[in-house]
Each structure stands twice: as structure tokens, then as C-alpha cells.
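Q: I have a sequence and a model in front of me. Please show me how to read the features, one at a time.
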Amino acid sequence: MEKDELQSRVLNASVWHHDTLGRNLFLGEVEIALSTWDWGNTQPEWFNLQPRTPVSHNGLISRGKLNLALKFIPAGAEGAGLPPTGELHIWVKDAQSLIPIRGGTVDSSVQCYVLPDDSKASRQKTRVVKRSLTPLFNHTMVYDGFQAKDLSEACAEFTLWHHENFSKQLLGGLRLSLGTGSSYGLPVPWMDSTEEERRVWDSLLQQPGLWVEALLPLRANLTPRT
């Protein structure tokens with residue numbers, strides 16, 4: 001882990017009592033925002049144990065980062081009438097500094113929709129990369145049938161999943177859009193891109209035919225689509 005990554009992390013230390021019946025009884029915890037920690041301090045310090053508090057909506061900002069690139073090719077831009085319709089090309093490269101849900105490692109894949117189309121036809125996904133906190137996907141996706149004005153109303157949603165034997169759990173996601181809160185005049189919860197995500201989507205619209213590179217945090221508190 002790079003030291004810069006600690007700026008957005010919180011250290012949680014909890015104390016438990018193990019009784020004769022094998023139960024774990026919570027005694028208290030300490031949470032320290034590492035962005036405020038004095039790294040020059042090498043002496044032990046005492047901290048009062050606090051009662052457990054519910055995790056807030058913004059308690060964990062990110063569980064890692066997703067590295068990707070996008071390119072919009074307008075209809076006919078490559079000559080001879082090709083492509084016949086506008087194409088959105090997506091290159092999911094890798095994920096970095098993933099934080100597992102229960103410790104250990106992660107078996108992960110990335111899933112993508114270009115909303116408002118949330119049908120199975122819109123869903124594309126990478127392979128599952130096993131036992132890695134820095135999984136390399138190197139997977140390309142192509143969505144066609146677009147005009148530039150359609151992308152102003154659309155949102156590319158990426159979610160990263162941890163796979164277990166018979167289930168999967170969401171680790172985090174991100175949404176690339178103009179973040180207007182509405183699509184084709186209707187209010188929608190998924191048009192909620194952060195400022196950083198909005199900049200990437202705006203660059204895509206302003207630079208047709210060119211790859212736009214992005215390394216973005218995976219939001220652990222992604223708002224549900226419905």
C-alpha cells in the first residue's frame with residue numbers, strides 16, 4: 001500500500017471478550033482517521049474505547065480504484081460510412097488497492113451497463129480474476145447505436161463484484177455521466193456522478209475518436225438505481 005492511499009482510510013481497532021460459550025462480546029472500539037495522523041510520532045498513545053456506532057452512509061468512501069479508458073467514435077468517422085452508428089468503446093484495464101469485505105483476498109469481476117438501458121443486452125462483464133487485490137482484466141467492450149446527444153443523457157455504470165461459491169457481493173462502483181440528475185427529461189437516481197466522474201464523461205464528449213484515460217475511486221456507497 002502506498003502512503004498516499006492512507007489519506008482516505010480509517011483505522012478501526014475493536015476489543016472483544018470471548019466467553020466460555022464461544023460468543024464474542026463487543027467491549028469497545030477506536031477509529032482513527034489516518035489523514036490526521038502524525039506520522040512522525042513514534043511513541044505509544046492511549047485512546048478511550050468508544051461504543052459501537054452505526055456505519056454512516058459515507059463511512060467508507062472507497063474500496064479501491066478502477067483503471068479504464070473510453071472512446072466515442074461517431075457514425076461514419078472512419079470513412080466508407082463506418083461505423084454505421086456511433087460506438088462507445090470501453091477498455092477495463094485493472095483495479096488497484098482493493099479492500100476485501102472480510103480480509104484476505106478478492107475474486108473479482110467488473111460489470112457494465114450503459115443506462116438508461118438496464119436490460120441484459122446492455123450488461124457486459126469481464127472474466128473473474130481470482131485471489132488478487134490488484135486484478136488485471138484487460139477487457140474491451142463496445143456499445144453501438146449512439147449519437148453524441150444520446151451520450152449526454154446516458155450513464156456508463158461500472159460495478160466491481162467479489163465472487164464466492166454461490167453468491168457475489170458488491171465491493172463498489174462508479175458512474176460516468178454529466179451528473180444532471182435526469183435522463184431525457186425524467187429524474188433518475190443513477191445520474192449522480194461525482195465531479196471527478198463528470199470530468200471524464202465530459203472529456204469523452206469533447207474529444208470524439210480519442211481515448212480518455214481514467215483512474216477513479218470505486219464508491220462503496222453507490223446509490224441504488226431504483
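A: Let us start with a charged pair. This is a predicted model. In it, the side chains of Glu 157 and Arg 225 meet in a salt bridge, at 3.0 Å from N to O. The two residues sit in distant parts of the chain: Glu 157 is in strand E8, and Arg 225 is in the segment after E12, 68 residues away.

Q: Are Glu 157 and Arg 225 buried or exposed?
A: Compare relative accessible area with the cut-offs: under 20% is buried, over 50% is exposed, and values in between are partly exposed. Glu 157 has 3%, so Glu 157 counts as buried. Arg 225 has 25%, so Arg 225 counts as partly exposed.

Q: How many salt bridges does the structure hold?
A: Eight. Another one pairs Arg 219 with Asp 192, at 3.5 Å from N to O. Arg 219 lies in strand E12, while Asp 192 lies in the loop between strand E11 (186-187) and H2, 27 residues apart. Arg 219 is buried, with a relative accessible area of 12%. Some salt bridges share partners, and these join Glu 157, Arg 175, Asp 192, Glu 197, Arg 219 and Arg 225 into one network.

Q: What does the salt bridge between Glu 213 and Lys 93 tie together?
A: Look at the elements that hold the two partners. Glu 213 is in strand E12 and Lys 93 is in strand E4, so the bridge ties together parts 120 residues apart in sequence. The closest N and O atoms are 2.5 Å apart. Lys 93 is buried, at 15% relative accessible area. Glu 213 is partly exposed, at 48%.

Q: Now the nonpolar side. Where do nonpolar side chains tend to go in soluble globular proteins?
A: They tend to be buried together. Here the largest nonpolar core has 33 residues. Those with the most contacts inside this core are Leu 66, Leu 70, Leu 88, Ile 90, Phe 158 and Leu 176. Several elements give two or more residues to the core, including strand E3 (62-73), strand E4 (86-96), strand E8 (155-163) and helix H2 (195-206). Apart from this core lies another, of six residues, among them Tyr 113, Leu 115, Trp 190 and Met 191.

Q: Which residues is Leu 88 in contact with?
A: Set aside neighbours within four places in sequence. The contacts of Leu 88 then include Leu 70, Phe 72, Val 114, Met 141, Phe 146, Trp 201 and Leu 204. Lys 71 is also one of its contacts.

Q: What does UniProt list for residues 62-191?
A: An unreviewed UniProt entry lists them as "domain: C2". Such annotations may be inferred rather than shown by experiment. In the model, the chain over residues 62-191 is 5% helix and 51% strand. The end C-alpha atoms of this stretch are 19 Å apart.

Q: How many disulfides are there?
A: The test is two cysteine sulfur atoms within 2.5 Å. By that rule the count is zero. Take Cys 112: the nearest cysteine sulfur is that of Cys 155, 9.1 Å away. At 0% relative accessibility, Cys 112 counts as buried. Cys 155 also counts as buried, at 0%.

Q: Next, the backbone. What are most peptide bonds, and what sign does phi have in most residues other than glycine?
A: Most peptide bonds are trans, and most such residues have a negative phi. Look for the exceptions. The bond from Leu 82 to Pro 83 is cis, with omega near -10 degrees. Pro 83 is in the loop between E3 and E4. The bond from Leu 115 to Pro 116 is cis, with omega near 20 degrees. Pro 116 is in the loop between E5 and strand E6 (124-125).

Q: Where are Ser 97 and Arg 131?
A: Ser 97 is in the loop between E4 and E5. Its phi is positive, near 55 degrees. Arg 131 is in the loop between E6 and E7, and its phi is near 50 degrees, also a positive value. Ser 97 is partly exposed, at 22% relative accessible area. Arg 131 counts as exposed, at 62%.

Q: Last one. Which side chain does Glu 29 make a polar contact with?
A: That of Asn 12, at 3.2 Å. The side chain of Glu 31 makes a polar contact with the side chain of Asn 12 too, at 3.0 Å. Glu 29 lies in strand E2 (residues 24-33), and Glu 31 is found in strand E2. Now check accessibility. Glu 29 is buried, at 10%. Glu 31 counts as exposed, at 52%.

Conventions
Residues numbered from 1 in each chain as written. Predicted model: local features only at pLDDT ≥ 70, side-chain atom pairs only at ≥ 80, totals over all residues. Heavy atoms only, no water. Core = buried A, V, L, I, M, F, W, Y, C linked by side-chain atoms within 4.5 Å. Buried < 20%, exposed > 50% of the residue type's maximum accessible area, 1.4 Å probe, protein only. Helix = DSSP H or I, 4+ residues; strand = E, 2+ residues; numbered from the N terminus. Contact = heavy atoms within 4.5 Å. Polar contact = N/O pair within 3.5 Å; in protein donor to acceptor, adjacent residues only side chain to side chain. Salt bridge = Lys/Arg side-chain N within 4 Å of Asp/Glu carboxyl O.
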